[in-house]
Amino acid sequence: MLKGTHHVAIICSNYTVSKHFYTQILGLAVLDENYREARDSHKLDLALPDGTQIELFSFPNAPLRPDTPEAQGLRHLAFTVENIAHSVAWLTNQSIDVEPIRVDEYTGKRYTFFKDPDGLPLELCEELSF
């Protein structure tokens with residue numbers, strides 16, 4: 001029935017800061033951008049190379065996300081990268097705090113976490129080459 005992930009929707013607190021983060025730091029491509037005056041809301045459609053999309057929204061007075069990734073609901077968003085060390089170096093050079101790289105005990109894949117401007121936990125998962 002399900003064939004893949006089409007998009008993930010994220011509500012940000014500062015549209016300009018988050019747009020810069022997702023487009024300039026993470027390098028996502030802009031598909032469409034709209035300002036909805038009636039809702040005082042921006043909507044930015046972004047694409048990853050595999051076709052997955054992120055919808056970035058701004059809404060006035062949106063409630064804060066629970067402050068721990070162990071709260072009920074979406075825990076984190078994970079991205080695949082070819083070389084995690086290169087990706088971590090890029091993020092660090094952009095003044096993004098990144099946790100130490102770890103190895104998943106079940107899959108053997110290397111991964112790490114960092115946060116977007118609103119504290120949303122984001123994960124990098126390294127592809128294994130065979």
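This report walks through the sheets, the buried strand S4, the aromatic rings and the nonpolar core of the structure above. Please keep in mind that the model is predicted.

**The first sheet**

Let us begin with the sheet that holds strands S1 to S4. Its 4 strands form an open sheet in the order S1-S4-S3-S2, and the pairing is mixed. At the edges are strand S1 (7-12) and strand S2 (29-36), each of which pairs on one side only. On average, and ignoring direction, neighbouring strands of this sheet are turned by 15° against each other.

As a reminder, strands of a sheet pair through backbone hydrogen bonds, either parallel or antiparallel. Both kinds of pairing can be seen around S4. Strands S1 and S4 run parallel and are joined by 6 bridges; along this pairing, Ala9 stands opposite Glu55 in S4. Strand S3 (residues 41-47) and strand S4 (residues 53-58), in contrast, run antiparallel, with 5 bridges between them. Here Leu44 stands opposite Leu56 in S4, while Ala47 stands opposite Gln53 in S4. S3 and S4 also make up a hairpin with 5 residues between them. If you look into its turn, you will find Gly51, which has a positive phi of about 100°.

How many residues of S4 are buried? The count is 6 of the 6, so S4 is largely enclosed by the rest of the structure. Both of its faces are covered: Gln53, Glu55 and Phe57 are buried on one side, and Ile54, Leu56 and Ser58 are buried on the other.

**The second sheet and helix H2**

The second sheet is also open and mixed in its pairing, with 4 strands in the order S5-S8-S7-S6. Strand S5 (77-81) and strand S6 (102-103) stand at its edges; each has a single partner strand, so one side of each is left without a neighbour in the sheet. Within this sheet, strand S7 (residues 110-115) and strand S8 (residues 121-126) run antiparallel and are joined by 5 bridges. Tyr111 stands opposite Cys125 in S8. Helix H2 (residues 84-93) lies across S5, S7 and S8, and runs at about 20° to S7.

**Aromatic rings**

The count of aromatic pairs in the model comes to 4. Two of them are set out here.

| Ring pair | Centre to centre | Angle between planes | Arrangement |
|---|---|---|---|
| Phe21 and Tyr22 | 5.0 Å | 85° | edge-to-face |
| Phe21 and Phe114 | 6.4 Å | 50° | tilted |

Phe21 and Phe114 link distant parts of the chain: Phe21 is in helix H1 (residues 15-25) and Phe114 is in strand S7, 93 residues apart. Ring pairs join Phe21, Tyr22 and Phe114 into a cluster.

Are Phe21 and Phe114 buried or exposed? Both are buried. Phe21 has a relative accessible area of 3%, and Tyr22 is buried too, at 0% relative accessibility.

**Cysteines**

The count of disulfides comes to 0. Two cysteines can be compared by their accessibility. Cys12 has a relative accessible area of 3%, so Cys12 is buried. Cys125, the residue opposite Tyr111, has a relative accessible area of 22% and is therefore partly exposed; the cut-off for buried is under 20%.

**The nonpolar core**

In soluble globular proteins, nonpolar side chains tend to be buried together. In this model, the largest nonpolar core has 24 residues, of which Ile10, Tyr22, Ile54 and Leu122 touch the most other members. At least two residues of this core come from each of S1, H1, S3, S4, S5, H2 and S8. The largest share, 4 residues, is supplied by H1.

Which residues are in contact with Ile54, leaving aside its neighbours within four places in sequence? They are Val8, Ile10, Tyr22, Leu28, Leu44, Asp45, Leu46, Leu48, Leu77 and Phe79. Two names on that list may look familiar: Ile10 and Tyr22 are, with Ile54, among the core residues that touch the most other members. Leu44 has also come up before, as the residue opposite Leu56 in S4.

Key: Residues are numbered from 1 along each chain as its sequence is written. This is a predicted model: local features need pLDDT of at least 70, side-chain atom pairs count only at pLDDT 80 or more; totals for chains, interfaces and linings use all residues. Side-chain values use heavy atoms; hydrogens and water are left out. Two strands pair if DSSP finds at least two bridges between them. Axes are lines fitted to C-alpha atoms, for helices over the stretch in contact, and angles run from 0 to 180 degrees between N-to-C directions. Contact means heavy atoms within 4.5 Å. Rings of Phe, Tyr and Trp (its six-membered ring) pair if their centres lie within 6.5 Å; planes under 30 degrees apart count as stacked, over 60 as edge-to-face and the rest as tilted. Buried means under 20% relative accessible area, exposed over 50%, partly exposed in between (1.4 Å probe, protein chains only). A disulfide is a pair of cysteine sulfur atoms within 2.5 Å. A nonpolar core is a set of buried Ala, Val, Leu, Ile, Met, Phe, Trp, Tyr and Cys residues joined through side-chain atoms within 4.5 Å.
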